[in-house]
Amino acid sequence: MRPRVRQPSRFRWGTAVSHGLLLFAVLMTLGPFVYIALSSLKTQISPLMGEVAFTPTMLNYEEVLFDRTSDYFRNFANSLIVTTTSTALVMVIGFFAGYSLFRMRWPMSVVNAFLVWSMAFNLIPAVSLAGAWYEMARSVGLANDYLAVIFAYTTLHLPMALWLLASFFREIPRELEEAAYIDGAGFVALSHCQILTPSSGSRCALIFAPCNKNSAQRRSTSHMIRSKQ
Amino acid sequence: MLTLSPVARYLSLAPSVLIFAALAVLPVANLVFTSFFEVSWLEGRKQMAFVGLENYARIPGDPLFRAGIVNTTILVIVATTAQVVLGLVLALACARIGYKSRFYRALLILPILIPGIVIGAIWRLMYNAEFGIINLLLQAVGFPGHDWLGSTSTALAAVIVVDIWHWTPFSFLLLLAAVESLPRDVTEAAKVDGATEWQRFRYVTFPLLIPALMMTFLFRAVIAFKVFDEVFLLTSGGPGTATEVVSFTIYQRFFLQDQTGYGSALSVTVIAVVSLIIVIAMTAGSGKVKEQ
């Protein structure tokens, strides 16, 4: 720890500029959110009339949440099912593959093939695969089924997870595992439950975030997969 | 050294291999295969006629594809550059403030947590010519309103602004990690030697950050190239072909016009072109880093 030295005063304005910049950036970032939140409290006609002052109404929320024709909860549940299942799949499969690739003495060609493929796969627009996935799902009777969408998203997110986990497994010291192994821990207890999982928790969260936020994007792709006739 | 049974070795890799083979390799192979055929549907049955390279021959003359390539290139270059520059400025500002900046960090990354579809919806409302907040604000300070998404001259710029808003936090996060892992002693040595703040940035911090900047740029460029959701919701490629992007062209040809064979050829071409660009960029990039 370095001793805390009081910064000379000529640096103060630099800090002030930084604060100013960041504050401006935060305002720009939050602006659209505030705007959409305010709009959600307006009646349908209000924005059309360009009203600035308005009386807040909960009508829109009532319609979305409680109206009999609303399919919001149904859609939300769909997203939730697809998201949690595919994220769990991605994490488990990616975890084992990452561990295997960097700890089980695969030849370098196998490791590289995996990593290159992970990178290359990111380049392919998902749109161009949706058609092929749809036909495959239909031929095995899974069209219009959760499983088809879950597998599609697992495939889409696995490369990224593999990249992140791969670089992570390279960083975890091998000694940690070896010590546990000498103490008599078996493979499962050793690597996956007691040593690696705790230390890779943050990394898994990193994988979870992008998978999760795509839940609504999911709808656009799954829509394509399901509705192409 | 750890010794594990060969069964565990294969079992641990098997699920990924299966998924890659069945859901990634196979569809791409299928895509390449289909690109040589003319696909039509007759009474619910798929009819395939071999046409050789005809689908590929059509690509250079396709007006949608041409517009898509030009617009996507503009979008990737302008948006990615802006995102990297803004992200760097914000990361440096955060690093200077230090621990106290965690409040800003938490708020700044909000946009990447929001799905593109939602962002498209928000901005579409904001851009609205009659009652959008942007025009209302402009009119309040005396400028005339403008139909941002509806006119060919501003539609692409409007989409780029949204992309910058959406993805600057991403490059900010990556660059913040890079800035914070910079060695302190070199900057301090430069300070002792009497380098001004600008000189320290120009000759110490910036060169050290070049690999991270290249990586961020490449990463963002790849994602930007695939932009779909925002364009789909904001403009659907219009007006005319003003905001037509490659992903959207593929979507139109493939799904809306049911030209499966031609759409496949488009996809294969795009994948090949992008891979080529990335290989070139990476070789050039690593050469440059070595020089320094």
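Where in chain B does UniProt place the feature "transmembrane region"? The record, an unreviewed entry, gives residues 12–33, 74–95, 107–127, 164–182, 203–225 and 262–284 of chain B. Before I go on, please keep in mind that this is a predicted model.

Let me take two of those spans. Residues 107–127 of chain B are 67% helix and 0% strand, with end C-alpha atoms 23 Å apart. For residues 164–182 of chain B, the helix share is 89% and the strand share 0%, and the end C-alpha atoms are 26 Å apart.

Now chain A. The unreviewed UniProt entry puts "transmembrane region" at residues 21–41, 80–102, 114–134 and 146–166 of chain A. Again I take two. Residues 114–134 of chain A come out as 81% helix and 0% strand, and 25 Å separates the end C-alpha atoms. Residues 146–166 of chain A are 100% helix and 0% strand, with 29 Å between the end C-alpha atoms.

As a whole, chain A has 11 helices and zero strands. Of its 229 residues, 30% are buried. If we take contacts in chain A between residues at least 6 apart in sequence, 75% of them join residues at least 24 apart.

Next, two helices, one from each chain. Helix 4 of chain A has 32 residues and runs 45 Å from first C-alpha to last, close to the 46 Å expected at 1.5 Å a residue. Just after helix 4, Arg105(A) has a positive phi of about 55°. Over in chain B, helix 3 covers residues 63–97, which is 35 residues, so at 1.5 Å a residue it should span 51 Å. Its end C-alpha atoms are 50 Å apart, which agrees. Helix 3 of chain B is followed by Gly98(B), and the phi of Gly98(B) is also positive, near 80°.

Chain B also gives us a strand to look at. Val39(B) sits in strand 1 of chain B, residues 37–42. Is Val39(B) buried, exposed or partly exposed? There are 18 other C-beta atoms within 10 Å, and a residue needs 20 or more to be buried and 12 or fewer to be exposed, so Val39(B) is partly exposed. Setting aside neighbours within four places in sequence, Val39(B) is in contact with Thr34(B), Lys46(B), Met48(B), Thr260(B) and Gly261(B). Phe50(B) is 11 residues from Val39(B) along the chain, and their C-alpha atoms are 8.9 Å apart.

That leaves the contact between the chains. How many residues does each chain put in? Chain A gives 54 and chain B gives 55. On the chain A side, helices 1, 2, 4, 5, 6, 7, 8 and 11 each supply at least two residues. Helix 1 of chain A gives the most, with 15 residues. By class, the side of chain A that touches chain B has 32 nonpolar, 17 polar and five charged residues.

Here is one piece of that contact in detail. Two packed helices are described by the angle between their axes and the distance between the axes. The axes of helix 6 of chain A and helix 11 of chain B, residues 246–256, come within 8 Å and cross at roughly 25°. Angles under 35 degrees count as roughly parallel, so that is what these two helices are. Helix 6 of chain A contributes Val127(A), Ser128(A) and Gly131(A), while helix 11 of chain B contributes Ser247(B), Ile250(B), Tyr251(B) and Phe254(B). By class, this helix pair has four nonpolar, three polar and no charged residues in contact.

Methods. Residues are numbered from 1 along each chain as its sequence is written. Chains are lettered from A and ligands numbered from 1 in the order in which they are written. This is a predicted model: local features need pLDDT of at least 70, side-chain atom pairs count only at pLDDT 80 or more; totals for chains, interfaces and linings use all residues. Two residues are in contact if their C-beta atoms, placed from the backbone, lie within 7 Å. Helices (H or I, at least four residues) and strands (E, at least two) are DSSP runs, numbered from the N terminus. Ala, Val, Leu, Ile, Met, Phe, Trp, Tyr, Cys and Pro count as nonpolar, Asp, Glu, Lys and Arg as charged, and the others, Gly among them, as polar. UniProt positions are given in the numbering used here, feature names are shortened, and annotations may be inferred rather than shown by experiment. Axes are lines fitted to C-alpha atoms, for helices over the stretch in contact, and angles run from 0 to 180 degrees between N-to-C directions. Angles under 35 degrees count as roughly parallel, over 145 as roughly antiparallel, 65 to 115 as roughly perpendicular and the rest as oblique. The expected span of a helix is 1.5 Å times one less than its number of residues.
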